[in-house]
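Student: Could you take me through one part of this protein closely, the open sheet and how its strands are put together? After that, I would like to hear about the metal site and any enclosed spaces.

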Amino acid sequence: MDGTVGVTQCAIPPGQSFTYNFTVSNQWDTYWWHAHAASQYIDGLYGPLIIHSTEEPHLTEYQEGVIMMIADHYHTDSGSLVSWYLSPESEGTEPVPDSGVINGRGTFDCSRDSQALFPTGNKCNNGTPMPVFDFMARTTYHVRIINSGGFANFQFSIDNHNLTVIEADGVDMQPVQVQRLPVHVAQRYSVLVHANQAVDNYWVRALLNINCFNSPNPALNPSIQAIIHYEGATNTHPPNSVDWSSSVWVAICVDLTLDMLKPYFPVPILPADANYHIDISFQTTSKDHVNMGYMNQTSWRPLMNNSTLFQSQRGISPFDTSSQWVIPLNATNGVQLVLNNLDEGSHPVHFHGHVFYVLGWGHENYQPGVTPLELVNPLRRDTITVPAYGWTVVRFMNDNSGMRAMHCHISWHSESDLMVQFESLPDRIKTMDIPSELKSMCAASNAMK
Ligand SMILES: [Cu+2]
């Protein structure tokens with residue numbers, strides 16, 4: 001029920017439906033659902049998925065909850081943009097968003113449209129009024145921030161209000177106070193916000209970090225905004241509040257540091273019994289002159305009308321490494337990965353089915369055995385930014401059998417095939433009870449051709 005096309009299932013055919021059925025156990029906090037076929041989600045097929053529990057450690061520290069799903073927004077359909085991106089014309093430059101939305105709402109100044117990479121002309125529209133979040137004074141809000149966008153890393157802040165981070169990607173954190181929060185694609189944070197300021201209106205700011213883009217988009221106003229409206233404040237004027245003076249995490253598109261993000265519940269880390277070095281790169285293909293993403297030597301090509309999970313269950317292995325880099329993991333033990341980024345861009349790498357233990361990251365060369373790693377209560381999360389020309393060392397416990405994708409969550413990069421798969425406990429996959437409805441979708445999509 002992981003939903004990854006070509007990995008755990010075939011796509012849901014047009015006009016058909018599929019019901020995902022899964023059991024939640026010992027898990028809570030902030031997630032999201034989205035289409036996992038090609039670049040479909042950035043056209044809007046996504047939503048929040050929040051799991052509540054009486055075991056949340058910060059449950060008594062807030063009174064109200066708010067969700068803020070923040071996404072960059074393209075005014076051209078993603079299929080057209082992928083066609084352009086995966087052509088020699090783009091020279092590997094990612095499409096830059098035209099605007100941004102919070103909970104699906106955002107505005108655009110159509111006088112800027114002609115400066116866009118793909119102007120929309122008379123189809124341009126000014127969007128919808130920005131969202132307004134009603135706050136009551138002297139109340140503490142649990143604000144869940146989700147980056148559901150395709151490309152942009154953003155810096156989140158609320159004028160005059162500190163943010164107390166208590167969760168990252170479904171893992172509870174020891175509280176840490178920040179004024180600005182960098183959030184990369186697919187990452188989630190929970191922050192506590194105390195409505196302890198004067199009754200008034202305040203800007204919520206999600207600054208799309210243009211320093212992480214390879215090229216400018218003059219049509220883009222990178223400052224995506226919403227309003228916090230205290231009950232009793234006048235609602236006839238926009239906020240007069242001013243941005244924090246502390247500098248944004250501009251030039252480097254990286255996460256909060258490891259010493260800031262400490263899990264609330266420590267989990268002992270097992271030693272690593274298996275080690276893999278994964279080079280992340282982009283290479284121009286000699287045949288088509290297209291810039292494609294590579295994990296080591298493999299650029300992933302999704303299977304048509306099949307999935308690697310179904311193939312694994314039938315015992316088809318090894319996989320063809322020219323299109324599927326599948327790492328078999330036979331024992332329940334610790335697996336350590338060195339994610340080495342040879343590319344000039346940062347990559348928010350997302351892992352299905354597991355959380356990473358994040359042992360370290362940096363910009364200089366990683367030297368095994370020399371570079372110090374965090375082994376005591378290291379950060380755990382499921383989406384980690386690998387810095388440009390930098391490295392990240394992660395570990396995970398191979399305790400969740402299945403075919404698990406690990407990919408860059410920037411939509412353009414997953415479309416350029418930046419993905420590796422882990423065949424977790426193949427013997428258990430062979431005896432896994434896979435619902436026939438999952439398999440029958442492959443036949444249905446086959447019949448459509
Ligand atoms: Cu990437």
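Tutor: Happy to! Five strands make up an open sheet, ordered E5-E13-E12-E7-E10, with mixed pairing. Strands (E, at least two residues) and helices (H or I, at least four) are DSSP runs numbered from the N terminus, and two strands pair if DSSP finds at least two bridges between them. At the edges sit strand E5 (132–135) and strand E10 (181–183), each pairing on one side only. On average, neighbouring strands of this sheet are turned by 25 degrees against each other, direction ignored; the axes are lines fitted to C-alpha atoms, with angles running from 0 to 180 degrees between N-to-C directions.

Within the sheet, strand E7 (residues 154–158) and strand E12 (residues 201–208) run antiparallel and are joined by five bridges. One pairing to look for is Gln155, whose bridge partner in E12 is Leu207.

A word on the source: this is a predicted model, where local features need pLDDT of at least 70 and side-chain atom pairs count only at pLDDT 80 or more, while totals for chains, interfaces and linings use all residues. Residues are numbered from 1 along each chain as its sequence is written, and side-chain values use heavy atoms, leaving out hydrogens and water.

Now the metal site. The copper ion has His347 (ND1), Cys408 (SG) and His413 (ND1) as protein donors, 1.9 to 2.0 Å away. Donors are N, O and S atoms within 2.8 Å of the metal (3.2 Å for Na, K and Ca), and sites may look incomplete because water is not among the atoms. The donor residues follow the spacing H-x60-C-x4-H in sequence. His347 in strand E18 (residues 347–351) and His413 in helix H3 (residues 411–415) are 66 residues apart, so this pair links distant parts of the chain. Both His347 and His413 are buried (under 20% relative accessible area, with a 1.4 Å probe and protein chains only).

As for enclosed spaces, the whole structure holds two cavities of 30 Å³ or more. On a 1 Å grid over the protein atoms alone, a cavity is a set of points where a 1.4 Å probe fits but cannot get out, and lining residues have an atom within 4 Å of a point. The largest cavity contains about 50 Å³ of space, and its lining includes Tyr74, Asp98 and Asn217. The second largest has a volume of about 40 Å³, with Asp29, His58 and Ser190 among its lining residues. Each volume is the space filled by probe spheres set on the points, which are joined across faces, edges and corners.

Note on methods
Buried means under 20% relative accessible area, exposed over 50%, partly exposed in between (1.4 Å probe, protein chains only). On a 1 Å grid over the protein atoms alone, a cavity is a set of points where a 1.4 Å probe fits but cannot get out, and a pocket is an open set with protein on both sides within 12 Å along at least five of seven lines; lining residues have an atom within 4 Å of a point.
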